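Colleague: Before I use this model, I would like to go through the terms with you and hear how each label is justified. Please show me the structure, and then I will ask.

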Amino acid sequence: VGSTWAYDEVLTDVGFDDPDAVRALSGATTNHVCSSNGTSLSSGTKGVVTSCVRRTILDQVRRDARTVLPTLKENVYGFGKQAARLAQLAHIADRLEGGTSLSRQLEGKLHAYLTEYLDGDGSDNLLYDSDFGGVVTKNGLADPGADFGNGRYNDHHFHYGYILYACSVLGRLNSTFVSLYGGHVDALLHDVAHDTFGYSSPDDDPTVSTGTSGGFAALVGGGSRQRSGRAFFPLARHKSWYDGHSFASGLFPFADGKSQESSSEAVNCYYGAYLWSAVRWGVGVGAASSGG
């Protein structure tokens, strides 16, 4: 048995959209006669998103966009789900009818909610924990049971995966968001997906922003630089390369071993990490930007 192992995995080239959906969207440019339920009565529309279907979907997007909006009073898990839901609505509106008042409105809403959260405008701010090298919630750090155990690294890839996806959608629609808040989002990415490659100071790491305020941009507590010689985040905190899946239970003990809990939310996290990497650094950006 060797002293080191090499692990190669072929990554997907999927983007924000399923390729079949992209083809269906590109197949209908003319108006069709619509039935009362929104389907097309015209011939030759199988496998095509017709004007009738577009209208039905966009009407539903408008209705959905009036409910379950993000709130800073929600815990990190709830806020992430709400933000990801709004991001998906913004993405759908952009794909079906980009540049319209609806898509611009949803993009604006998403931008407002995410920037407020990343700026630390809520009471349960995100903080950097220098003991274990990770981003945790203020309430979770004070109370192990708060925020589903976030302060003890429970479910981080569930919580931050939703935010990564939402930020990826907004970053595709608004490059200024990436420029201004890229460092904030990078910290969440590093917490759940990979490390900061041994940078001993945020000044040395071009992908991490510490900022100067007390908000989330102040990644290292109080602006401290006392991390010399150590990376800010561990490599693949939740992913077990030997077991081939993630663990969710953080620092909490379990009698029968660590818990995977939700494979779907783990996949969602790494998909969000992939999309953010595409938007942020151009990794697979052709697929991610075009939806192919």
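**Labels and their grounds**

Modeller: The mean pLDDT of the protein chain is 80, and 77% of its residues reach 70 or more, where pLDDT is the predictor's confidence in each residue, from 0 to 100. This is a predicted model, in which local features need pLDDT of at least 70 and side-chain atom pairs count only at pLDDT 80 or more, while totals for chains, interfaces and linings use all residues. Residues are numbered from 1 along each chain as its sequence is written, and side-chain values use heavy atoms, with hydrogens and water left out.

Colleague: Over which residues does pLDDT stay under 50?

Modeller: One such stretch is residues 198-230, for which the model has 60 contacts beyond four places in sequence, a contact being heavy atoms within 4.5 Å. Residues 285-292 also stay under 50, with 26 contacts beyond four places in sequence.

Colleague: How many helices and strands are there in the protein chain, and in what order do the elements run?

Modeller: The protein chain has 9 helices and 4 strands, taken as DSSP runs numbered from the N terminus (H or I and at least four residues for helices, E and at least two for strands). From the N terminus on, the order is α-α-α-α-β-β-α-α-α-β-β-α-α. Of the contacts with a separation of 6 or more, 65% are between residues 24 or more positions apart.

Colleague: What makes the pair Asp-17 and Arg-95 a salt bridge?

Modeller: The label asks for a side-chain nitrogen of Lys or Arg within 4 Å of a carboxyl oxygen of Asp or Glu. The N to O distance between the side chains of Asp-17 and Arg-95 is 2.5 Å, so the pair satisfies the rule. The two residues link distant parts of the chain, with Asp-17 in the segment before α1 and Arg-95 in helix α3 (residues 76-97), 78 residues apart.

Colleague: Why is Asp-17 called buried or exposed?

Modeller: Buried means under 20% relative accessible area, exposed over 50%, and partly exposed in between, with a 1.4 Å probe and protein chains only. Asp-17 has a relative accessible area of 13%, and therefore counts as buried. Of the 292 residues of the protein chain, 45% fall in the buried class.

Colleague: What about the salt bridge between Arg-62 and Asp-59, and where do these residues lie?

Modeller: The side chains of Arg-62 and Asp-59 meet at 3.1 Å, N to O. Both lie in helix α2 (residues 51-64), 3 residues apart, which is about one turn of the helix. Arg-62 has a relative accessible area of 33%, so it is partly exposed, and Asp-59, with 32%, is partly exposed as well. By the salt-bridge rule the count comes to 6.

Colleague: How do you know that Ser-240 is joined to Asp-243 by a polar contact?

Modeller: A polar contact is a pair of N or O atoms within 3.5 Å; within protein, one must be able to donate a hydrogen and the other to accept it, and residues adjacent in sequence count only if both atoms are side-chain atoms. The side chains of Ser-240 and Asp-243 are joined at 3.1 Å, so the distance lies within the limit. Ser-240 is found in strand β3 (residues 239-240) and, because its relative accessible area is 12%, it is buried. Leaving out residues up to four places away in sequence, Ser-240 touches His-245, Ser-246 and Phe-247.

Colleague: Which residues make the nonpolar surface patch, and what makes it a patch?

Modeller: Trp-5, Tyr-7, Trp-241 and Tyr-242 make a nonpolar surface patch of about 640 Å². Patches are made of residues with over 30% relative accessible area and no salt bridge, where like charges are joined within 9 Å and nonpolar side chains (Val, Leu, Ile, Met, Phe, Trp, Tyr) within 5 Å. Tyr-7 has its place in the segment before α1 (19-26).

Colleague: Why are the phi values of Asp-147 and Asp-155 worth a remark?

Modeller: Most residues other than glycine have a negative phi. Asp-147, although not a glycine, has a positive phi of about 55°, and the phi of Asp-155 is near 60°. Asp-147 lies in the loop between α5 (138-142) and α6, and Asp-155 is also placed in the loop between α5 and α6. Asp-147 counts as buried because its relative accessibility is 10%, and Asp-155 counts as buried at 6%.

How values were computed: Areas by Shrake-Rupley, 256 points an atom, 1.4 Å probe, with all protein chains shown as cover.
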